[in-house]
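This report walks through one chain, from its fold to its contacts. Keep the sequence and the 3D view open while reading.

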Amino acid sequence: MTAEPVIDAADSPTCDSSSAVRASLSPSRAADFKTCPLLYRFRSIDRLPERPTVEQARGTLVHAVLERLFDLPAAARTPQSAGDLVAPQWDRLVTEQPELATLFAEGDTEGPAEFLRSAAALLEGYFAVEDPRRLEPAEREALISAVVDDALLIRGYLDRLDVAPDGALRVVDYKTGGAPREAFEARALFQLKFYALVLWRTRGVVPRVLRLLYLRDAEVCDYTPDAEELLRFERTVVALWQAIEQATERQDFRPRPSRLCDWCNHQALCPSFGGTPPPFPATGPGDPLTDARSRPAAPGADE
Ligand code: SF4
């Protein structure tokens, strides 16, 4: 990667580590509230379980393979090596998350086989847009965090961070979902800007490129943020948090139906679909570091 840092570190804002963190937020949970306040409530306050879907499992598997691929020496990062990682990584994931085994009926051998083939097909999409033999990522599946507005901890897992010799940063996010891209693109960009804001606040450099790699379509979408935009985005995140606090105080999280309802686990409890939400849980102020509102989604699980 070759790129110039967009701003000088000396001119950039810094994170005050002595701040008293009062609350925390992850990009996935913030994006939930932006998408639909009631979805946010179901996931972060009611903490309703969600059944894993085949698509999410495939996303987690492909992210795991790409993560491990970069453990290999550069010359060995071939399509064949990636393909060879698919089955062992799936076995590892099922051992760690036994609920994944329930995605396929007992005795169904064709379903899992087709699942592994479809994951391998997504990896072919990856190799169509990148040559991992030419890359040495600085970080993979890294948890990054920063404090904004003196009190709000923002944090999330980025898929990959590339750093050029001149210090320029490129944030890379793998997208494996099969849903129409336009339905999720705004959410994906919101998450990438979230990472860009964290990196700017902690490293003093605005990432040169925010890159979405759509593996199914074998397409790359690059976005170049600037400092002004990230300042505005920071205000948006703080305002979003204030709106979440206010909604929590009023116990008022309204549904906001959209195309994304098709992928929502909670239609049966949603008034927009004739359902009734459960009683609002009695909760005290959560620990900002363990609060579900701040819990970042695992890489690939939020496709
Ligand atoms: S079904 Fe739609 S409106 Fe209802 S909670 Fe889910 S995303 Fe929100």
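## A pair in helix α4

How far apart are Arg 92 and Glu 96 in helix α4? They are four residues apart in the helix, which spans residues 79–96, and this separates them by about one helical turn. The two form a salt bridge, with the closest N and O atoms 3.0 Å apart. Arg 92 is partly exposed, at a relative accessible area of 24%. The model is predicted.

## Overall fold

The chain has seven helices and six strands. In sequence order the pattern reads β-α-α-α-α-α-β-β-β-α-β-β-α. Of the 303 residues, 48% count as buried.

Helix α1 covers residues 27–35 and is mostly covered, with eight of its nine residues buried. Those buried residues are Pro 27, Ser 28, Arg 29, Ala 30, Ala 31, Asp 32, Phe 33 and Thr 35. Three of these names return below: Arg 29 and Asp 32 in a salt-bridge network, and Phe 33 in a ring cluster.

## The β5–β6 hairpin

Strand β5 runs over residues 209–214 and strand β6 over residues 219–223. They pair in the antiparallel sense, over five bridges. One bridge can be located by name: Leu 210 has Tyr 223 in β6 as its partner.

The two strands form a hairpin, with four residues between them. Ala 218 sits in the turn. Its phi is positive, about 50 degrees. In a regular strand, side chains alternate between the two faces of the sheet.

## Salt bridges

The structure holds 23 salt bridges. One of them joins Asp 46 to Arg 41, with the closest N and O atoms 2.6 Å apart. Are these two partners buried or exposed? Asp 46 counts as buried at 16% relative accessibility. Arg 41 also counts as buried, at 7%.

Asp 131 and Arg 133 form another salt bridge, with the closest N and O atoms 3.1 Å apart. Asp 131 counts as partly exposed at 27% relative accessibility. Arg 133 counts as partly exposed at 46%. Salt bridges with shared partners also build a network: Arg 29, Asp 32, Arg 43, Glu 50 and Arg 187 are joined into one. Arg 29 and Asp 32 are among the buried residues of α1.

## Aromatic pairs

The count of aromatic pairs comes to ten. One of them is Tyr 126 with Phe 127, which is edge-to-face. The ring centres lie 5.3 Å apart, and the planes make an angle of 80 degrees. Tyr 126 is buried at 0% relative accessibility. Phe 127 is buried too, with a relative accessible area of 18%.

Why is the pair of Phe 190 and Phe 194 tilted? The ring centres are 6.2 Å apart and the planes stand at 50 degrees, so the pair counts as tilted. Planes over 60 degrees apart would count as edge-to-face, and planes under 30 degrees apart as stacked. Phe 190 and Phe 194 are four residues apart in helix α6, residues 181–203, and are separated by about one helical turn. Both rings belong to buried residues: Phe 190 has a relative accessible area of 5%, and Phe 194 has 0%.

Ring pairs also link Phe 33, Tyr 40, Phe 253 and Phe 280 into a cluster. Phe 33 is one of the buried residues of α1.

## Ligand shell and cysteines

Which residues surround the ligand? The shell consists of Cys 36, Leu 39, Pro 255, Arg 256, Pro 257, Cys 261, Cys 264, Gln 267, Cys 270 and Phe 273. By class, the shell residues divide into eight nonpolar, one polar and one charged.

Cysteines appear in this shell, among them Cys 261 and Cys 264. Cys 261 is buried, with a relative accessible area of 13%. Cys 264 is partly exposed, at 24%. A disulfide is a covalent bond between the sulfur atoms of two cysteines. How many disulfides does the structure hold? The count is zero.

Terms used
Residues numbered from 1 in each chain as written. Predicted model: local features only at pLDDT ≥ 70, side-chain atom pairs only at ≥ 80, totals over all residues. Heavy atoms only, no water. Pairing = 2+ DSSP bridges. Disulfide = S-S within 2.5 Å. Buried < 20%, exposed > 50% of the residue type's maximum accessible area, 1.4 Å probe, protein only. Near = heavy atom within 4 Å. Nonpolar A, V, L, I, M, F, W, Y, C, P; charged D, E, K, R; others polar. Salt bridge = Lys/Arg side-chain N within 4 Å of Asp/Glu carboxyl O. Phe/Tyr/Trp six-rings, centres within 6.5 Å; stacked < 30°, edge-to-face > 60°.
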